[in-house]
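Here are some notes for your reading of this model, set out as numbered points on its cavities and its nonpolar cores. Please keep the structure open beside the text while going through them.

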Amino acid sequence: MADKSYKRNIIIAAGIIVLIILANIVGSLRQTASEQQLIESVFPPGQYSLHKENDNKWVIYDNNRDKPGFLYAGEGRGYNGMVGVLTHTDTTGNILGLELASHSETPSYIDRIINSGLLTQAGNINIREFAYDEPLDAVSGATITSNAIVIAVRHSYLDSEGLPREPFSGIVFGLNELFVILIMAAGASLAYIRPRKLQKTITWMLVVFTLVWLGFMNNQMLTLTRIAAILSGYLPDVTRELYLYLLLGGSIILILIFRRNVYCHSVCPFGSAQELLARVKPARSFKPSWYRKWKWVQWSAALLILLTAIAMNNPGLAQYAVFGVFFQFTGSTILFMILFVTIVLSLFIRRPWCRFACPIDGVFAYVRAFTGFSGASRQACKIKPDGTKSRKSCFI
Amino acid sequence: MDITVIFESSILQPLFWMVMGGLMILLFIGAGYWLKDAGISMSWWKWMLSALWYAGVYVIIAGGFTLIGEHEVRAGLFFLGVFGTVMIILGAGLWRILKPNG
């Protein structure tokens with residue numbers, strides 16, 4: 001039996017690697033619009049004529065050969081990938097318009113940016129002000145994307161004028177990073193704390209702290225879109241998002257070493273929200289006879305969506321979790337409805353989202369399959385004296 | 001006689017609210033019997049919490065549908081969805097207070 005589980009883990013782990021590589025190959029084969037095509041989609045050749053000055057700058061005229069201006073093209077690091085921005089200026093550098101040329105951001109973030117008027121606010125600013133300053137305020141709830149737009153404008157100007165980019169600011173280890181490490185450590189230690197009262201106290205401190213700090217105040221959590229972006233080869237900016245590396249890296253390391261999914265049990269803010277809701281009624285554990293079979297459906301759905309997002313070169317497609325809706329009030333109507341059902345169910349069933357729908361649970365289940373390579377896991381998958389299989393370290 | 005004149009009568013609105021008031025009294029008397037039947041003992045503060053919750057539900061339904069009626073459908077649904085969910089959670093908490101073993 002142990003050998004069977006061991007072999008299955010190896011097959012699953014190898015299969016996942018192969019599928020991710022294949023999805024990336026499909027993604028790279030997909031035709032992406034060239035820079036020229038992107039520019040022409042915003043400034044049609046019938047209405048404008050463009051003369052390239054360098055890789056980041058064009059002289060632009062309208063059809064009557066009057067109102068000359070410049071067009072700058074640049075990229076900034078967004079939430080799911082690079083955000084390409086076209087900046088149209090007059091000859092003195094005053095911005096006439098900002099256009100998003102390319103991005104793979106979550107649609108709700110882009111909606112938030114457009115509704116905030118960030119792109120139109122740039123209309124009164126000179127592009128030189130972007131050089132070493134941030135003349136536009138970040139949009140709350142879409143901070144990373146709005147910062148990416150500012151950086152894209154800055155880099156397009158600096159690169160086109162041959163000016164040096166801002167120096168590397170260094171990795172910032174702030175409060176967020178410290179708290180992420182403390183939360184992960186506290187979550188991991190729960191399994192080894194024996195006094196029941198102390199264990200309960202730490203559990204409740206984690207529930208409240210992760211919900212308030214990670215969830216509502218900083219919106220720092222793992223989502224399938226971020227994982228899809230990383231697996232597509234897009235690495236988030238380490239200077240601004242070190243916490244993400246700590247959160248994801250720490251969770252994976254803890255699974256590989258201790259075979260415990262600390263993130264889902266103790267760190268996820270939405271898990272904490274469900275835990276709190278479960279105490280209102282109080283909710284009961286619901287484990288139907290088809291639960292284990294359903295887990296395969298849940299995990300397969302996560303894998304399928306992840307691979308689709310990678311193959312389509314669009315990590316935003318992988319957004320079906322309700323985290324953003326709950327903590328930021330952004331998302332589609334369907335996601336709001338799913339959230340409503342989840343909240344109501346949480347009053348009666350413990351952690352319904354985690355147990356029946358969460359894609360992150362699927363991601364970590366696949367990470368758990370990689371523990372099958374270790375000898376310790378091979379031993380742990382053995383049959384217990386009572387005849388049941390030890391499931392702590394087995395894939396399922 | 002034009003029948004629509006009846007619906008434009010100024011007496012209908014006060015009559016409507018009088019009927020509604022009567023229904024409320026019936027509802028609370030009925031709730032008292034139902035709670036007794038369900039073996040839930042009520043004190044004055046439990047009645048007060050229940051009434052507050054009930055009033056909250058009314059305000060949210062009234063507010064949400066007023067927004068929808070004023071062609072602010074998105075805002076109305078948002079209002080009903082967010083505050084309705086909060087009232088469901090508070091309702092579950094209230095039920096726990098009323099019937100701790102339920």
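1. In this predicted model, 17 residues line the largest cavity, and those that lie nearest its centre are Y79(A), Y109(A), T223(A), Q319(A) and G324(A). The elements that give two or more residues to this lining are α3 (107-116), α8 (224-231) and α13 (323-328) of chain A.

2. The volume of the largest cavity comes to about 190 Å³, and its lining is made up of eight nonpolar and nine polar residues, with no charged residue among them.

3. The structure holds two cavities of 30 Å³ or more, and the second largest has a volume of about 50 Å³. Its lining includes Y263(A), C264(A), C268(A), F270(A), W353(A) and I360(A), and at least two lining residues each are supplied by α10 (262-267), α11 (269-280) and α15 (352-356) of chain A. The largest share, three residues, comes from α11(A); by class, the lining has nine nonpolar, two polar and no charged residues.

4. Which residues have the most contacts inside the largest nonpolar core? They are Y263(A), F270(A) and I360(A), in a core of 65 residues, and these three also appear in the lining of the second largest cavity. Leaving aside residues up to four places away in sequence, Y263(A) touches M221(A), L222(A), L247(A), S251(A), C268(A), P269(A), I360(A) and F364(A).

5. Apart from the largest core lies another, of 27 residues, with I95(A), Y109(A), A148(A) and V150(A) among them. Y109(A) is also one of the residues nearest the centre of the largest cavity.

How values were computed. Residues numbered from 1 in each chain as written. Chains lettered and ligands numbered in written order. Predicted model: local features only at pLDDT ≥ 70, side-chain atom pairs only at ≥ 80, totals over all residues. Heavy atoms only, no water. Core = buried A, V, L, I, M, F, W, Y, C linked by side-chain atoms within 4.5 Å. Buried < 20%, exposed > 50% of the residue type's maximum accessible area, 1.4 Å probe, protein only. Contact = heavy atoms within 4.5 Å. 1 Å grid on protein atoms, 1.4 Å probe; cavity = no way out; pocket = protein on both sides within 12 Å on 5 of 7 lines; lining within 4 Å. Points joined across faces, edges and corners; volume = space filled by probe spheres on them. Helix = DSSP H or I, 4+ residues; strand = E, 2+ residues; numbered from the N terminus. Nonpolar A, V, L, I, M, F, W, Y, C, P; charged D, E, K, R; others polar.
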